[in-house]
Amino acid sequence: MRVGLPHMGNIYIPLKALFQRLNVDYVIPPAYNQRTMSLGVKYSPEGLCLPFKLTLGNLIEAAELGADTLLMAGGYGVCRLGYYAKIQEQILHDLGYDVEVVNLGVSERKLFGLLELIKRLANNAPWSKIIPAFRFGLAKLGALDRVERVVQKVRAVELVKGTANKLFTKAINAIDQADDYATLKQVQTDYISQLNQVDKDAEYKPLIVGIVGELYVVLEPFSNLDVEVELGKLGVEVRRRLFISEWTKFSLFLNPLGIDETERIHKAALPYLKRDIGGDGWESVGEKVLHSKEYDGLVHLAPFTCMPEIVARNIMTSTKENIPVLTILCDEQIAKPGMLTRLEAFVDLLEHRRRAGNNSR
Ligand code: SF4
């Protein structure tokens, strides 16, 4: 058995650590690139959302590298995600790959389901090996996200644009290489300290923009054309709720105990939307309401044809909370120059509002 999985942000790093510690044979497909996109678009039904197309392209690349057991996120919600693994498996079979696409099923089976799957992938390794390997993967996930939160702040105020990104790339590699807790902790501390020492404009008060929308396009920079980096270049500090480590913490550990991080967000959305509409649509609406007084604006990332975010978008334009929202529809047609023009115009608008005293921050 050789395991493969599509990319989503840096999630491959903790999974790689887990697989290495459990001696699982695995392949990491290439980072998303134009070929991945072309493969995904070519073999997907046209109307499907970008996450389906990109992950399919990456699964094909993993199969080309010899993976025969492909891991894919799934869900039981009201959007199409629940069908992804099955349909992608059928497409891969039609292409001649003898593979099994395994639905991770984290939404349904939570922690225990995931651990059982890991046990199966690790050829029935003992729990005394699986649990420490799993914990070390989680530690890497946490380190990645802690460094990224600092990067988001530094990008907006650094004097030499691009410094934080360079440090972040090095930090990602160092976290990937770290092989024990002490090294991992040291790497995290070192890079956060280096980021804090980057030369900054102490007088500058950056605009604050929240990033909301569908989980995959929020977390995968290739799919959103590096929107956070581009906003950083324009001197904007981005904030987002969605981090893989946070999602894991709640989804695997706290939700089963009845602690729901989205309760507050859903409550905020209630005047406009009273039920789950699949994906992250309910949360997008709630976040607009919640953050209308904290942020200068919101960038709403929505895969083209994603029904939950289409519904959210239409509601977001008509709430009484007065905060500008720029919706970016992510698909294979999106091009960087067009997106940059829209981001620049959006940031101009936010600056104008701030000068005019229109925002309530
Ligand atoms: S939330 Fe939207 S983009 Fe994500 S899987 Fe569902 S339909 Fe596709």
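Hi everyone. Let me start with one definition: a residue counts as buried when its relative accessible area is under 20%. Keep that cut-off in mind for the strand I want to show you, and please remember throughout that this is a predicted model.

So, strand E5, residues 207-213. How many of the residues of E5 are buried? The count is 7 of the 7, so the strand is largely enclosed by the rest of the structure. If you look at E5 face by face, Leu207, Val209, Ile211 and Gly213 lie on one side, and they are all buried. On the other side you have Ile208, Gly210 and Val212, and these are buried too, which leaves both faces covered.

Now for the partners of E5. Strand E6, residues 236-240, runs parallel to E5, and 5 bridges join the two. To find that pairing on your screen, go to glycine 210, whose bridge partner in E6 is arginine 239. E5 also pairs with E7, again in the parallel sense and over 5 bridges. Here you can use valine 212, with histidine 300 as its bridge partner in E7.

Let's follow E7 onwards. Strand E7 covers residues 297-303 and is joined by 6 bridges to strand E8, residues 325-330, with the two running parallel. Alanine 302 is a handy marker, since it stands opposite leucine 329 in E8. What kind of unit do E7, helix H14 and E8 make? It is a β-α-β unit, and a right-handed one, with H14 spanning residues 307-316.

There is another sheet to look at. It is open, has 4 strands in the order E2-E1-E3-E4, and its pairing is parallel. Which strands stand at the edges? They are E2 (26-27) and E4 (100-103); each has a single partner strand, so one side of each is left without a neighbour in the sheet. For E4, the pairing with strand E3, residues 69-72, is parallel and has 4 bridges. There, methionine 72 stands opposite asparagine 103 in E4.

On to the ligand. The residues around it are Cys49, Pro51, Cys79, Arg80, Leu81, Tyr84, Glu214, Gly279, Pro303 and Cys306. Sorted by class, that shell holds 7 nonpolar residues, 1 polar and 2 charged.

Next, the empty space, which I suspect is what some of you came for. Rolling a probe the size of a water molecule over the atoms shows where empty space is left. The second largest pocket has a volume of about 690 Å³. It is lined by 30 residues, and the closest to its centre are Gly9, Asn10, Ile172, Glu220 and Pro221. Which elements give two or more residues to that lining? Those are the helices H6 (127-157), H7 (163-177), H9 (215-219) and H10 (227-233). By class, the pocket lining has 16 nonpolar, 7 polar and 7 charged residues.

Last stop: cavities. A search of the whole structure turns up 1 cavity of 30 Å³ or more. The largest cavity has about 30 Å³ of space, and its lining is made of Arg155, Glu158, Lys161, Gly162, Asn165, Val229, Gly232 and Lys233. Helix H10 provides the largest share of that lining, with 3 residues. The class count for this cavity is 1 nonpolar, 3 polar and 4 charged residues.

That's my tour. Thanks for listening, and I'm happy to go back to any view.

Definitions and conventions
Residues are numbered from 1 along each chain as its sequence is written. This is a predicted model: local features need pLDDT of at least 70, side-chain atom pairs count only at pLDDT 80 or more; totals for chains, interfaces and linings use all residues. Side-chain values use heavy atoms; hydrogens and water are left out. A residue is near a molecule or strand if one of its heavy atoms lies within 4 Å of it. Ala, Val, Leu, Ile, Met, Phe, Trp, Tyr, Cys and Pro count as nonpolar, Asp, Glu, Lys and Arg as charged, and the others, Gly among them, as polar. On a 1 Å grid over the protein atoms alone, a cavity is a set of points where a 1.4 Å probe fits but cannot get out, and a pocket is an open set with protein on both sides within 12 Å along at least five of seven lines; lining residues have an atom within 4 Å of a point. Grid points are joined across faces, edges and corners, and a volume is the space filled by probe spheres set on the points. Two strands pair if DSSP finds at least two bridges between them. A crossover is right-handed if, with the strands pointing away from the viewer, the path from the first strand over the helix to the second runs clockwise. Buried means under 20% relative accessible area, exposed over 50%, partly exposed in between (1.4 Å probe, protein chains only).
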